[in-house]
Amino acid sequence: MSGLEQIDVEPPDHLCERCGSSKPRLVFDQLSLLLLCEQCLERVQVLQAWSLLREDETG
């Protein structure tokens with residue numbers, strides 16, 4: 001390999017707990033208690049908002 005060493009790429013330490021993505025910026029969501037990528041965080045927040053609205057309507 002012309003003097004270059006092959007580097008073994010290890011999987012990242014943390015993956016998104018919803019989609020399994022290894023994106024570099026993961027966020028811990030306090031409400032869902034999951035480590036999420038930005039896309040999944042947005043989806044979870046929307047779902048949480050809808051579930052709170054439903055609770056208000058039934059309560």
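Is Cys19 buried, exposed or partly exposed? Cys19 turns out to be partly exposed, at a relative accessible area of 47%. Keep in mind while you look around that this is a predicted model. The legends below go from the whole chain to single side chains.

**View 1. The whole chain, with its 1 helix and 2 strands.**
Start at the N terminus and follow the chain: the elements come in the order β-β-α. Strand 1 covers 26-29, strand 2 covers 34-37, and helix 1 takes in residues 38-58. The chain has 59 residues, and 17% of them count as buried. About 5300 Å² of the chain is exposed, with carbon and sulfur atoms supplying 54% of that area. Now think about contacts between residues at least 6 apart in sequence: 9% of these join residues at least 24 apart.

**View 2. Three cysteines, Cys16, Cys19 and Cys40, and the gaps between their sulfurs.**
A disulfide is a covalent bond between the sulfur atoms of two cysteines. How many disulfides does the count come to here? The count is 0. Cys19 is in no disulfide, and its nearest cysteine sulfur, the one in Cys16, sits 3.7 Å away. Why does Cys40 have no bond to Cys19? The closest cysteine sulfur to that of Cys40 is in Cys19, and at 3.7 Å it is too far for a bond, because a disulfide needs the two sulfur atoms within 2.5 Å. Check the surroundings of these two as well: Cys40 is buried, with a relative accessible area of 1%, whereas Cys19 is partly exposed at 47%.

**View 3. Ser21 and the backbone of Lys23.**
Find Ser21 in the segment before strand 1 (26-29). Is Ser21 buried or exposed? Ser21 counts as buried, at 17% relative accessibility, because the cut-off for buried is under 20%. The side chain of Ser21 reaches the backbone nitrogen of Lys23, at 3.3 Å. If you skip the neighbours within four places in sequence, Ser21 is in contact with Leu15 and Cys16. That is the Cys16 whose sulfur is 3.7 Å from that of Cys19 in View 2.

**View 4. The salt bridge between Glu38 and Arg25.**
The count of salt bridges comes to 1, and here are its partners: Glu38 and Arg25, with their closest N and O atoms 3.6 Å apart. The pair links distant parts of the chain, as Glu38 is in helix 1 and Arg25 is in the segment before strand 1, 13 residues apart. How open is each partner? Glu38 counts as partly exposed, at 41% relative accessibility, while Arg25 is exposed, with a relative accessible area of 61%.

**View 5. Leu33 and its positive phi.**
Most residues other than glycine have a negative phi. What about Leu33, which is not a glycine? Its phi is positive, at about 60°. You'll find Leu33 in the loop between strand 1 and strand 2 (34-37). Leu33 is also exposed, and its relative accessible area is 55%.

**View 6. Gln48 and Ser51, two residues of helix 1.**
Zoom in on the backbone oxygen of Gln48: a polar atom of the Ser51 side chain lies 2.8 Å from it. Ser51 counts as partly exposed at 28% relative accessibility, but Gln48 counts as buried at 16%. Which residues does Gln48 touch, not counting those up to four places away in sequence? They are Asp29, Leu31 and Ser32. Take Leu31 from that group and look at the C-alpha atoms: those of Gln48 and Leu31 are separated by 8.4 Å, with the two residues 17 apart along the chain.

**View 7. A nonpolar surface patch made by Val46, Trp50 and Leu53.**
Together, Val46, Trp50 and Leu53 make a patch of about 310 Å². Val46 lies in helix 1, the helix that also holds Gln48 from View 6. Is Val46 buried, exposed or partly exposed? Val46 counts as partly exposed, at 46% relative accessibility.

Technical notes: Residues numbered from 1 in each chain as written. Predicted model: local features only at pLDDT ≥ 70, side-chain atom pairs only at ≥ 80, totals over all residues. Heavy atoms only, no water. Buried < 20%, exposed > 50% of the residue type's maximum accessible area, 1.4 Å probe, protein only. Helix = DSSP H or I, 4+ residues; strand = E, 2+ residues; numbered from the N terminus. Polar contact = N/O pair within 3.5 Å; in protein donor to acceptor, adjacent residues only side chain to side chain. Contact = heavy atoms within 4.5 Å. Patch = residues over 30% accessible without salt bridge, like charges linked within 9 Å, V, L, I, M, F, W, Y side chains within 5 Å. Areas by Shrake-Rupley, 256 points an atom, 1.4 Å probe, with all protein chains shown as cover. Salt bridge = Lys/Arg side-chain N within 4 Å of Asp/Glu carboxyl O.
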